[in-house]
Amino acid sequence: MADTYDLDVEVRTEFGKGAARRARRDWKIPAVLYGHGADPQHLLLPFTEFAAVLRSGGTNAILSLNINGKKSLAFTKSVSTHPIRPVIEHVDLLVVKKGEKLSVDVPVVVTGEAAPETIVTQDASTLTVLADALNIPEEFEVSVEGLEAGTQVLASEVSLPAGVELESDPETLVVNVTVAQAAEEPEEGEEAEAVAAEAPEGEEAAEAATEE
């Protein structure tokens, strides 16, 4: 299950594009925290620590924010990045409560080896589920060990932890196992034409002289 990460944050007191640029130069990320009917809070997140959270727990990680000594649980709703540079420009955070359920996208990981002479195609990389905010699965594992060609795994067949509800369409195709297509061998006439086309000019000239 997803971990909870402690993060010391600052209350943002300056606004506008210039203030945002200054904050990012100081390795801080402008953010807004909202939800549960509370007034939005404008914050500054420490860039290095928040980036480490994303690398470790992804956007499904639950943050325990320390805001001037007051704790608040939050979920990363969205992350805006610069289109070219590796810079996080803004973050939207959603207030969460213990026992609350969230709609989240959880990665699907395919493991194992299917039967010989098959190809495994993963059609869905994530599944949307409803899960307890403090118990969000890190990933769903789908094993294809020994599966024969023609086997399909649908979203409804993916094993979910207790208390986690599937929100994706149950008929969503997650994994498809098909027959590996063998390379077609050229027919005798085609093979002869290919050899003739690749023959060096000297050989072609010799053949022409022989025919004469």
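Between which two strands is the loop in which glutamate 117 is found? The loop is the one between strand 7 (101–111) and strand 8 (118–122), and the legends below start from the whole chain and return to this loop in Figure 6.

The model is predicted, so local features need pLDDT of at least 70 and side-chain atom pairs count only at pLDDT 80 or more, while totals for chains, interfaces and linings use all residues. Residues are numbered from 1 along each chain as its sequence is written, and side-chain values use heavy atoms, with hydrogens and water left out.

**Figure 1. The whole protein has four helices and 13 strands.** Helices (H or I, at least four residues) and strands (E, at least two) are DSSP runs, numbered from the N terminus. The protein has 212 residues, and 33% of them are buried. Buried means under 20% relative accessible area, exposed means over 50%, and partly exposed lies in between (1.4 Å probe, protein chains only). The accessible surface comes to about 13,200 Å², and carbon and sulfur atoms account for 48% of it. Such areas come from the Shrake-Rupley method with a 1.4 Å probe; for residues, only the protein chains shown count as cover. A contact means heavy atoms within 4.5 Å. Of the contacts between residues at least 6 apart in sequence, 63% join residues at least 24 apart.

**Figure 2. Six strands close into a barrel.** The order of the strands is 1-3-2-6-5-4, and their pairing is mixed. From one strand to the next the twist averages 45°. Two strands pair if DSSP finds at least two bridges between them. Strand 2 (28–35) and strand 3 (residues 38–46) are joined by seven bridges in the antiparallel sense. Alanine 31 has leucine 43, in strand 3, as its bridge partner.

**Figure 3. Helix 1 and helix 2 lie across strands of the barrel.** Helix 1 (17–25) lies across strand 2, strand 3 and strand 6 (88–95), and runs at about 115° to strand 2. Helix 2 lies across strand 1 (4–11), strand 2, strand 3, strand 4 (62–67), strand 5 and strand 6. Its angle to strand 3 is about 95°. For these angles, axes are lines fitted to C-alpha atoms, for helices over the stretch in contact, and angles run from 0 to 180 degrees between N-to-C directions.

**Figure 4. Tryptophan 27 and phenylalanine 47 form an aromatic pair.** A pair of aromatic rings is described by the distance of the centres and the angle of the planes. Rings of Phe, Tyr and Trp (its six-membered ring) pair if their centres lie within 6.5 Å; planes under 30 degrees apart count as stacked, over 60 as edge-to-face and the rest as tilted. By this rule the count is one aromatic pair. Its rings are 5.3 Å apart, centre to centre, with 65° between the planes, which makes the pair edge-to-face. Tryptophan 27 lies in the loop between helix 1 and strand 2 and phenylalanine 47 in helix 2 (residues 47–57), so the pair ties together parts that are 20 residues apart in sequence. Is each of the two residues buried or exposed? Tryptophan 27 is exposed, with a relative accessible area of 56%, whereas phenylalanine 47 is buried at 18%. Tryptophan 27 also has a positive phi of about 65°, although it is not a glycine.

**Figure 5. The largest nonpolar core has 25 residues.** A nonpolar core is a set of buried Ala, Val, Leu, Ile, Met, Phe, Trp, Tyr and Cys residues joined through side-chain atoms within 4.5 Å. Leu102 and Val174 touch the most other members of this core. Strand 5 (70–81), strand 7, strand 9 (126–132), strand 10 (140–143) and strand 13 (173–179) each supply at least two of its residues. The most, four residues, come from strand 7. A second, separate core has 21 residues, including Val9, Ile29, Ala61 and Leu65.

**Figure 6. Strand 7 pairs with strand 9 and strand 10, and a loop follows it.** Strand 7 and strand 9 run antiparallel and are joined by seven bridges; here valine 106 stands opposite leucine 127. Strand 7 and strand 10 run parallel, with four bridges, and valine 110 stands opposite valine 142. In the loop between strand 7 and strand 8, glutamate 117 has a positive phi near 60°. Glutamate 117 is exposed, with a relative accessible area of 68%.
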